[in-house]
Amino acid sequence: MSTILLPGDYTDSSNPAVKTGPGFYKTPLTDPVPVKAGLEVYKELQSGTFRFIDTNTKRYIPAVRDNVLGVVQSKHAEGFRVLLQEASAPIQLGQFAFANASKKNRVNLPAGAVVYGRIVAADPNIEPEMECVDSNTGQAGGYGELKGGNVFNVSLAYARYLLFEGGPVLEAIGETVAFEIAIGMNGKVWVNADDLKAVWKITRCIEEGQHWPADAVVDNVKKIFSS
């Protein structure tokens with residue numbers, strides 16, 4: 001049963017194996033505290049148990065360990081400035097926050113490049129920071145620059161649903177065509193396929209799929225791909 005939380009409410013943080021995500025604020029010396037109103041949700045992931053506050057807000061607030069998809073706004077001496085939402089302030093992406101990056105092997109991303117990574121610093125008093133490398137392995141792990149394809153926006157709640165649940169829409173698309181997808185907790189989705197026509201049909205299925213009843217998903221996906 002989900003629990004409704006309000007900002008400042010007490011939550012049970014006695015289990016150190018449970019990682020906290022969006023909606024909570026934590027410092028090294030304090031327990032996680034809710035900073036949003038919404039439902040407390042627990043999800044079982046490959047890395048362990050993860051909890052966050054599910055709320056249908058329009059503004060994304062960076063939280064540590066969030067997978068995000070952004071667009072490079074500009075480049076500077078220490079890295080890049082990346083936009084996570086059109087109306088938000090850019091965040092920092094370090095020059096060496098990529099797999100195999102070094103002084104001799106510097107990453108060169110132009111303005112407008114699409115990158116997929118995760119938030120590694122999100123303290124309210126400092127500029128948020130992301131990285132495009134799996135810090136556990138030192139490998140890309142699916143993070144980095146995303147080339148080609150199409151980027152579009154969905155609601156934050158729908159992005160979380162796609163990221164954690166997948167849902168029948170993605171399953172139906174996967175049974176119809178081979179495709180790649182990256183989903184950001186900031187409400188951006190990137191898809192790619194062998195041809196541009198398939199990319200736009202996949203985009204349409206995902207955008208419209210949030211309004212379809214479960215028993216109509218397969219037929220609607222087939223209808224879009226047959227048109």
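In this predicted model, Leu93 keeps plenty of company from elsewhere in the sequence: setting aside neighbours within four places, its contacts are Glu78, Gly79, Phe80, Val82, Phe98, Val115, Met130, Glu131 and Cys132. Several of these names come back when the largest nonpolar core is examined. That core counts 31 residues, and the members touching the most others are Val82, Leu93, Phe98, Leu109, Val115 and Met130. Strands make up much of the list of elements giving it two or more residues: E6 (48-54), E7 (67-76), E8 (79-83), E9 (91-98), E10 (114-121) and E11 (129-132), along with helix H1 (156-164). A separate core of 23 residues lies apart from this one, and Val154, Cys205, Trp212 and Val221 are among its members. Nonpolar side chains do tend to be buried together in soluble globular proteins.

Further along the chain, attention turns to a small piece of sheet. Three strands form an open sheet here, in the order E13-E15-E14, and their pairing is antiparallel. Strands E13 (150-153) and E14 (180-183) sit at the edges with a single partner strand each, so one side of each has no neighbour in the sheet. From one strand to the next, the twist averages 20°.

The pairing of E13 with E15 (residues 188-192) is antiparallel and rests on four bridges. Within it, Asn150 stands opposite Val191 of E15. Helix H3 (residues 196-209) packs on this sheet and touches E13, E14 and E15. The direction of H3 makes about 15° with that of E13.

Conventions. Residues numbered from 1 in each chain as written. Predicted model: local features only at pLDDT ≥ 70, side-chain atom pairs only at ≥ 80, totals over all residues. Heavy atoms only, no water. Pairing = 2+ DSSP bridges. Axes fitted to C-alpha atoms, helices over the stretch in contact; angles between N-to-C directions. Contact = heavy atoms within 4.5 Å. Core = buried A, V, L, I, M, F, W, Y, C linked by side-chain atoms within 4.5 Å. Buried < 20%, exposed > 50% of the residue type's maximum accessible area, 1.4 Å probe, protein only.
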